[in-house]
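Work through the exercises below with the model open. Try each task before reading its solution.

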Amino acid sequence: TPAFSSSCYTLRMTFYAFLCGVLIQFFNHFFALLFKVFNTQPVRFAVQPVLVTDSKRLLSFAMQSPIPLTQYLAYQEFARLTSSAKERGPIFELAKSVGQPSTWSTLSAECLNVLTALHQSLEALNKVYDKRASHQKQSKKKDSPAQSGVKLR
């Protein structure tokens with residue numbers, strides 16, 4: 001009968017749609033897991049260039065990167081470097097031309113830039129919060145019965 005075949009067709013399409021949704025959800029979760037495993041592993045960045053062409057693979061360059069994942073990995077590498085006295089040595093080596101640790105100057109300047117940007121964004125959020133709080137206090141004062149001249153019994 002035609003009614004039975006159309007209901008089987010509808011049931012089959014519902015099953016296929018459900019199966020497609022389950023597979024999409026599974027692969028989405030699986031690839032997100034693969035992204036976490038492979039892209040958030042610690043990356044070793046060079047502190048000082050070995051060759052002239054290696055300048056884009058430096059730790060200081062990675063800290064300045066506009067890509068948040070690269071910045072995260074660079075700061076993770078910087079934290080790893082600072083935890084070991086042996087690996088910390090190249091950061092504080094003196095530059096031959098200047099006689100100062102130029103690598104440390106660059107890395108510390110980048111860290112201070114990030115902290116300054118964070119501080120400025122927190123100050124901006126704090127100003128917005130203060131404005132909202134003062135506005136709410138003013139509206140409560142206007143709405144209170146004692147201020148409006150209404151006597152309570």
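Four exercises follow, each with a worked solution.

This is a predicted model, in which local features need pLDDT of at least 70 and side-chain atom pairs count only at pLDDT 80 or more, while totals for chains, interfaces and linings use all residues. Residues are numbered from 1 along each chain as its sequence is written, and side-chain values use heavy atoms, with hydrogens and water left out.

**Exercise 1. Fold.** Determine how many helices and strands the protein has.

Solution.
- Take helices (H or I, at least four residues) and strands (E, at least two) as DSSP runs, numbered from the N terminus.
- The count gives six helices and zero strands.
- The order from the N terminus is α-α-α-α-α-α.
- Now take burial: under 20% relative accessible area is buried, over 50% exposed, and in between partly exposed (1.4 Å probe, protein chains only).
- Of the 153 residues, 14% are buried.

**Exercise 2. Salt bridge.** Find which side chains meet in a salt bridge, and place them in the helix.

Solution.
- Search for a side-chain nitrogen of Lys or Arg within 4 Å of a carboxyl oxygen of Asp or Glu.
- The structure holds one salt bridge.
- Arg80 and Glu77 form it, at 2.7 Å from N to O.
- Both lie in helix H3 (residues 68–82), three residues apart, so about one helical turn separates them.
- Arg80 is partly exposed because its relative accessibility is 24%.
- Glu77 has 4%, so it counts as buried.

**Exercise 3. Aromatic pairs.** Classify the ring pairs Phe15–Tyr16 and Phe78–Trp104.

Solution.
- Rings of Phe, Tyr and Trp (its six-membered ring) pair if their centres lie within 6.5 Å; planes under 30 degrees apart are stacked, over 60 edge-to-face, the rest tilted.
- The whole structure yields six aromatic pairs.
- Phe15 and Tyr16 are tilted, with 6.0 Å centre to centre and 50° between the planes.
- For Phe78 and Trp104, the centres are 6.5 Å apart and the planes stand at 25°, so this pair is stacked.
- That pair links distant parts of the chain: Phe78 is in helix H3 and Trp104 in helix H5 (residues 102–143), 26 residues apart.
- Phe78 is buried at 11% relative accessible area, whereas Trp104 is partly exposed at 31%.
- Ring pairs also join Phe26, Phe27, Phe30 and Phe31 into a cluster.

**Exercise 4. Cysteines.** State how many disulfides the structure holds, then assign Cys20 and Cys111 to a burial class.

Solution.
- Look for cysteine sulfur atoms within 2.5 Å of each other.
- The structure holds zero disulfides.
- Cys20 is partly exposed, at 41% relative accessibility.
- Cys111 is buried, at 19%.
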